[in-house]
Amino acid sequence: MNQKPKKKNCRNEGDDGDDTEEMSLNCLTLYGRGGCKVSADMSEVFGDPCIRRRSSTIKEVKRRATICGTDEGTIDCFSYGMKEKFWKRNNRKLLGCEEKQQNSCMNVHLPDDILEMCLVRLPFGSLMNARLVCRKWKNLTTTPRFMQMRVEGLFRSPWLFLFGVVKNGYCSGEIHALDVSLKQWHKIDGQILKGRFLFSVASIRDDVYIVGGCSSLTTFGKVDRNSFKTHKGVLVFSPSTASWSRAASMKYARSSPILGISEISPDCSIVRDQQDRSDRHLNRSRVGGVSDVYEDPHRLSLRRQSRHAFDENDIPPFPNIKPRQKNEKSCPKYGRKYVLIAVGGLGSWDEPLDSGEIYDSVLNKWIEIQRLPLNFGVACSGVVCNGTFYVYSESDKLAGYDIERGYWVRIQTTPCPPRVHDYYPKLISCKSRLFMLSVSWCEGDGRIGRRNKAVRKLWELDLMYLTWNEVSIHPDAPMDWNAAFVTDENLIFGVEMFKIFGQVLDFVTMCDVTDTGATWSHISRNHIARELDTSSCMTKSMAALHL
């Protein structure tokens, strides 16, 4: 009697072992060649194959339970991925509750006004990255209200934008931007400027205006002065929105024009007043019997431009860019109004120009202004200071244009700062003060055999007594004859590029102007010019923005 139950129990246990063995065979087909690895520790201790199968099965169940977190008394014969899928299908409600709890903890929904206050304090580089997070953040940070908050909150920092670089003999159109606060360079794709060189740039608030320039007629994109076309188109680049637009074209085509930016009152209509003056002057000339061509010799070059088959006003050179529309009724941006003045430069036949034009950013219109004074010479630099557009010529003459009254005035200064004639002076305005950077020879200390050296000095013009006073000396030797200098509030930035020992080098300096003096410092060295051509020294131009 006692043996029969034992046999029966053994038979039952054997049946279970057979089932377990059958399960293991099925697992072998699902897991591949490795099959289900069962431990034989219990069989070695007790010497019973039934115990071996039972213990191995229990261990397998526990292992699967710890991995998938599922039922405790079942045997898993499926792969890990299949088991997880079945478990998720049977517990969708539980998973949904857990996901909601995680989302509520991780994604805190801030009110728009609080989120706006957080985003407005970001640096400009971080703000550009924040716009890539979602569409809501992008729309929130591109509204006029948001930009006005950044202006009023003093959360912005100066940025430098370098245009007109040349690579492998071609105008690449790349724009190099320097974050002055972090001293980091960024590269911006400006394919729209590819092939254009010798243009001038000026900044109005958050926009950069690219005025005039040249492009090759034979080899597109290459710097070629033998066969080129001079442009009169104007492009507007907005770094804050990374967008381009096309402003109204100038009256005459110009390369390397002298630009000036002036802020005027919203009620002042400079363009309308200039047009009335030009109309009265034109009527007087016609009554006196003077020919239009002899009155304005520059119109002769306009007739020469008939060699080009199209006009930039009729066929836009950049069809993918939307032109700016005339909007007289709307208020100017940020409640202010600006005008852009362009004088001098080179015409379509590479002839020096003495004519000038003024552009109203609200009306989107150019109008001619009075020509430069007679025998003034070729204009080489200019800047607006206290409502007057000062222009310096290669013959060391200074003239000022009264923007509101619309006429030129010769300015006699004493003494004229000495300079090396190969280096043209640069006029800059900082804190309502007029400065000039010029290169002159510095005498030695009297030692025998010591040669004189050239230095770049910063001069200030006393607007009351019209005398030039030396302020400071630039720390670097003047290696670049076409160095670019711009100002932003009380800071003067300079970029010099030159070739030495077969390599193009660049230096970016900054001068902090105070009431007591000026202090120079270096903010960048040899970061962008390594891959540029020597032609970049001649074609570069720079603008400063507060972003």
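Two residues count as being in contact here when heavy atoms of theirs lie within 4.5 Å of each other. With that in hand, let's start at isoleucine 523 in this predicted model. Leaving aside residues up to four places away in sequence, Ile523 touches Leu178, Val180, Lys183, Phe493, Val508 and Met510.

Now zoom out a little. Ile523 is among the residues with the most contacts inside the largest nonpolar core, along with Leu160, Leu162, Phe493, Met497 and Met542. That core has 20 residues. In general, nonpolar side chains of soluble globular proteins tend to be buried together. Which elements give two or more residues to this core? They are strand S1 (158–163), strand S25 (484–488), strand S26 (491–500), strand S27 (503–513) and strand S29 (541–546). S26 gives the largest share, with four residues. Apart from this core lies another one, made of 19 residues, including Ile264, Ile358, Ile367 and Val391.

Two of the strands just named, S1 and S29, also turn up in a sheet. It's an open sheet of four strands, running in the order S5-S4-S1-S29, and the pairing is antiparallel. On the edges you'll find strand S5 (184–188) and S29, each of which pairs on one side only. Ignoring direction, neighbouring strands of the sheet are turned by 25° against each other on average.

For a closer look, pick the pair S1 and S4. Strand S4 covers residues 175–179, and S1 pairs with it in the antiparallel sense over four bridges. Leucine 162 has histidine 176 in S4 as its bridge partner. Leu162 should ring a bell: it is also one of the residues with the most contacts inside the largest core.

Note on methods. Residues numbered from 1 in each chain as written. Predicted model: local features only at pLDDT ≥ 70, side-chain atom pairs only at ≥ 80, totals over all residues. Heavy atoms only, no water. Core = buried A, V, L, I, M, F, W, Y, C linked by side-chain atoms within 4.5 Å. Buried < 20%, exposed > 50% of the residue type's maximum accessible area, 1.4 Å probe, protein only. Pairing = 2+ DSSP bridges. Axes fitted to C-alpha atoms, helices over the stretch in contact; angles between N-to-C directions.
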